[in-house]
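User: I want the reasoning behind each label, not just the label. Let us take them one at a time.

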Amino acid sequence: MFDTEALLSHFEARDIIEKDKRHLWHHLLQHRVLESQDPMIIVEGDGVRVRDIHGREYLDGASGGVWCVNVGYGRESMAKVIHDQLLRLPYYAGVAGTVPAARFAEKLAGILPGLDHIFFSNSGSEANEKAFKMVRQIAHMRGTSKSKILYRDRDYHGTTIACLASAGQAQRREAYGPFPDGFAEIPHALCYRCPFGKSYPGCDIECARALEAVVHEEGPDTVGAVILEPITAGGGVIPPVPEYYPIIQEICEKHGIILIIDEVVCGFGRTGTMFGFEHYDVAPDIVTMAKGVASSYAPISAVAASRAIFEEFLHDAGDELGFFRDISTYGGCTAGFAAALENLRILEAEALVENSRAMGEHLLDRLRELADHDHVGDVRGRGLFAGIELVADKSSKEPVSESVMGAVMRGITAEGVLVGRTNRSIPGLNNTINVAPPLIVDRADVDEIVEAVKVGIEQGCKDIRD
Ligand SMILES: Cc1ncc(COP(=O)(O)O)c(C=O)c1O
């Protein structure tokens, strides 16, 4: 239940809004828009709903805006375990161990068969940076040139310069170069806009086979790893076809390439399995994760590595540089481990992965009902993770304009539902609405989201000319 005491008076609300406008630099926002409108300020959350500074309630179909508050808001048990752990020991640097770190590492290794060593840090970007460093140090220690990292068009792996070097999203990269060397792109896996102009299943899964062509172009001796989101998230919610990952794995094995799967969004139940890659017959060498690890009640990210990767770093104690020389100060914060342990307990006790699968099917069924709409080009997803791609014209697949997209999103928000969208990612193709509610949603919540999306699309697209 929302706390009515927490409602701010009109004057208190105005004061906060003014402070925000004067001093807070919002993420991913053109601040000029705040000259004519107020920022959205979220004050509290409960279950699947949040409330803004004016007391307006929204069903949060985006799990905190960027698909991460998976167990929903207002969990006392999460707050309690964090509180208790902070009083016992808030922090110790990761050169030492802590009780919750060891417990959570063991739990993670238990749910990620074959990956039995866990390196903790703070954000998804940082976890991916660690994975890149592991790949490069292995090449260095083996005396090979296998330091290049391949990434996929439309995927995103984080905000740092190296992560942007591995981003298949030109608009996230623009203006932030020069980037480090040693990154190359493979094609995306979106059937609706097949990069090879083919149709599944008669396509021989060319998007996966293209990996081998890129490996040859770059030189098999130079390619150390490929990093992939199991299901592309911010690039437009793109689940590859079932045959995709076995082909990728075969090519990786053939050329001695480390397969890194970025579960930052998909991990911890989002797609209806604990990890997104479990939808496929594939065994990654490294899995990175963040967001859902502790449902963002505390920052924590992790790299899970196979025993073979870990053992590359085992050398004589006298070898001064032959171990993984990486430390992340806040990778030693214990609140994240405590929260992550409780988060896993909740996922299991409340069968939330199963709920994600069941409610996800309902969500996709309901969204597919919108496919008849003139401007709904494609509906795709897995679990509580869905994308609706809007087009101005179904036969040419021309994307809707930015102004139509904006109108659609405003329409959905006005219905009391928050969802996400592809946002300044892929030039000309920021036309996908993303739906990813907390994993605790029920059928009525899903229906409410779909109804709002429907209204938003109808209103936002009504002025598109044929
Ligand atoms: C797939 C994926 N990987 C990595 C990241 C980076 O995570 P963070 O923002 O925690 O650095 C994101 C962020 O949205 C993401 O979507």
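User: What makes strand β8 largely enclosed by the rest of the structure?

Analyst: Five of the five residues of β8 (residues 258–262) are buried. Buried means under 20% relative accessible area; exposed means over 50%, and partly exposed lies in between (1.4 Å probe, protein chains only). Every residue of β8 meets the buried criterion, so the strand is largely enclosed. A note on the basis: this is a predicted model, where local features need pLDDT of at least 70 and side-chain atom pairs count only at pLDDT 80 or more, while totals for chains, interfaces and linings use all residues. Residues are numbered from 1 along each chain as its sequence is written, and side-chain values use heavy atoms, without hydrogens or water.

User: How do you know that both faces of β8 are covered?

Analyst: In a regular strand the side chains alternate between the two faces of the sheet. Ile258, Ile260 and Asp262 are on one side of β8, Leu259 and Ile261 on the other, and all are buried.

User: Why do β7 and β9 count as partners of β8?

Analyst: Two strands pair if DSSP finds at least two bridges between them. Strands here are DSSP runs of E, at least two residues; helices are runs of H or I, at least four; both are numbered from the N terminus. Four bridges join β7 (residues 223–228) to β8, in parallel. Three join β8 to β9 (residues 286–289), also parallel. Both counts meet the cut-off, so both are pairs. On the β7 side, Val226 has Leu259 as its bridge partner. On the β9 side, Ile261 stands opposite Val287, and Asp262 is bridged to Thr288.

User: What hand does the crossover from β7 to β8 have, and what makes it so?

Analyst: The chain runs from β7 through helix α9 (residues 244–255) to β8, a right-handed β-α-β crossover. That hand applies if, with the strands pointing away from the viewer, the path from the first strand over the helix to the second runs clockwise.

User: Why are β4 and β6 called edges of their sheet?

Analyst: The sheet is open and has seven strands in the order β4-β10-β9-β8-β7-β5-β6, with mixed pairing. β4 (115–121) and β6 (183–186) each have a single partner strand, so one side of each is left without a neighbour in the sheet. The twist averages 20° from one strand to the next.

User: Which strands stand at the edges of the four-stranded sheet, and why?

Analyst: That open sheet has the order β1-β2-β3-β14, with mixed pairing. β1 (42–46) and β14 (417–418) have a single partner each, so one side of each lacks a neighbour in the sheet. β1 pairs with β2 (residues 49–52) over four bridges, antiparallel. There, Glu44 stands opposite Arg51.

User: How do you know that α3 and α11 are in contact?

Analyst: Contact means heavy atoms within 4.5 Å. Ser77, Met78, Val81, Ile82, Gln85 and Leu86 of α3 meet residues of α11 including Ala335, Ala338, Ala339 and Ile346. By class, the contact has eight nonpolar, four polar and two charged residues. The axes of α3 (residues 76–88) and α11 (residues 334–349) come within 8 Å and cross at roughly 150°.

User: Is Thr334 in α11 buried or exposed, and why?

Analyst: Thr334 has 0% relative accessibility, so it counts as buried. Leaving aside neighbours within four places in sequence, its contacts are Gln85, Leu89, Pro90, Tyr91, Thr98 and Pro100.

User: What makes Ala175 and Ser295 stand out in phi?

Analyst: Most residues other than glycine have a negative phi, and most peptide bonds are trans. Ala175 has a positive phi of about 85°. Ser295 has a positive phi near 50°. Ala175 lies in the loop between α7 and β6, Ser295 in the loop between β9 and β10 (301–306). Ala175 is exposed at 72% relative accessible area, whereas Ser295 is buried at 1%.

User: Which peptide bonds are cis, and what are their omega values?

Analyst: One is the bond from Gly177 to Pro178, with omega near 0°. Another runs from Tyr200 to Pro201, with omega near 5°. Pro178 is in the loop between α7 (170–173) and β6. Pro201 is in the loop between β6 and α8 (206–218).

Definitions and conventions:
Axes are lines fitted to C-alpha atoms, for helices over the stretch in contact, and angles run from 0 to 180 degrees between N-to-C directions. Ala, Val, Leu, Ile, Met, Phe, Trp, Tyr, Cys and Pro count as nonpolar, Asp, Glu, Lys and Arg as charged, and the others, Gly among them, as polar.
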